[in-house]
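Subject: Handing over a structure

Hello,

Here is the structure I promised to pass on to you. Have a look at it first, and then read on for what turned up in it.

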Amino acid sequence: MNQVQSTATAEQIIAEISQVITQVPQETIQQLATQLVNSQRIFVTGEGRSGFMAKSFAMRLMHLGADSHVIGETVTPALAAGDLLIAVSGSGTTKAAVWTADKATELGCHIVAVTTDESSPLGTLSDTILHIPAATKYRREGEAPSIQPLGSLFDQCTHVLLDAVCLNYGQLKQVQHGDVFAKHSNVE
């Protein structure tokens with residue numbers, strides 16, 4: 001791990017995020033949003049902080065009117081042919097994400113990998129890849145440098161890019177703020 005400077009600032013983190021995000025073509029975001037619009041049911045999976053990013057994405061999709069689910073939750077229905085699985089793993093080697101993508105492939109689902117490594121096991125199982133060229137916990141050659149620990153940069157970029165996908169999805173579905181607010185929890 002790079003030594004963390006005692007003067008690290010939020011501006012440095014934002015600069016790292018910006019450096020990564022500008023490498024992801026807007027067309028990729030739009031294409032993924034279109035793929036979501038054309039999917040009847042959307043499932044997400046991921047472990048650790050990547051799992052939190054996946055859950056956050058599923059939640060926002062639900063707010064936007066999508067039939068979205070999180071793998072592993074007690075109320076998650078069975079996967080079926082034609083469903084879309086979005087698997088988030090910085091390394092693309094997280095065993096649970098790879099196993100889930102493999103099983104979903106057997107069931108006839110379409111797979112989207114959100115990863116730094118397109119040639120990873122997860123990447124090779126996927127029909128679509130949202131390639132995020134950010135630092136992971138492994139600090140492999142070719143990854144963006146980061147002052148942050150572990151996969152923080154990947155997780156932050158994943159959150160922002162998946163929010164951009166949601167924004168495009170909402171625009172394609174012509175969802176208004178009032179529609180989204182109506183689906184927001186009212187028992188908190």
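The protein has seven helices and five strands. Please keep in mind as you look around that this is a predicted model. If you trace the chain from its start, the elements come in the order α-α-β-α-β-β-α-β-α-β-α-α. The radius of gyration is 16 Å, close to the 16 Å that the globule rule gives for 188 residues, so the protein is as compact as a globular protein of that length. Along the principal axes, the C-alpha atoms fill a box of roughly 45 × 40 × 35 Å.

Next, the inside and the surface. Of the 188 residues, 44% count as buried. Among contacts with a separation of 6 or more, 68% are made by residues 24 or more positions apart. The accessible surface comes to about 10,000 Å², and carbon and sulfur atoms account for 54% of that area. As for charge, the protein carries 11 positive and 18 negative charges, and the mean positions of these two sets lie 6 Å apart.

Two residues are good places to zoom in.

Let me start with R41. You will find R41 in the loop that runs between helix 2 (26-37) and strand 1 (42-46). Is R41 buried or exposed? R41 counts as buried because its relative accessible area is 17%, which is under the 20% cut-off. Which side chain does the side chain of R41 meet in a polar contact? The partner is the side chain of D83, at 2.6 Å. Once neighbours within four places in sequence are set aside, R41 is in contact with D67, P77, A78, L79, A80, D83 and L84. D83 therefore appears both in that list of contacts and as the polar partner of R41.

The second residue is V180, which sits in helix 7 (residues 177-183). With a relative accessible area of 18%, V180 is buried too, since the cut-off is under 20%. Where does V180 meet a part of the chain that is 117 residues away? That part is H63: the C-alpha atoms of V180 and H63 are separated by 5.0 Å. Leaving out neighbours within four places in sequence, the contacts of V180 are H63, L64 and V175.

If you want a route through the model, you could begin at R41 and D83 with their polar contact, then move on to V180 and H63.

Enjoy exploring, and best wishes

Conventions. Residues are numbered from 1 along each chain as its sequence is written. This is a predicted model: local features need pLDDT of at least 70, side-chain atom pairs count only at pLDDT 80 or more; totals for chains, interfaces and linings use all residues. Side-chain values use heavy atoms; hydrogens and water are left out. Helices (H or I, at least four residues) and strands (E, at least two) are DSSP runs, numbered from the N terminus. The radius of gyration is taken over C-alpha atoms; the globule rule is 2.2 Å times the number of residues to the power 0.38. Buried means under 20% relative accessible area, exposed over 50%, partly exposed in between (1.4 Å probe, protein chains only). Contact means heavy atoms within 4.5 Å. Accessible areas come from the Shrake-Rupley method with a 1.4 Å probe; for residues, only the protein chains shown count as cover. Lys and Arg count as positive and Asp and Glu as negative; His and the chain ends are not counted. The place of a charge is taken as NZ of Lys, CZ of Arg, CG of Asp or CD of Glu. A polar contact is a pair of N or O atoms within 3.5 Å; within protein, one must be able to donate a hydrogen and the other to accept it, and residues adjacent in sequence count only if both atoms are side-chain atoms.
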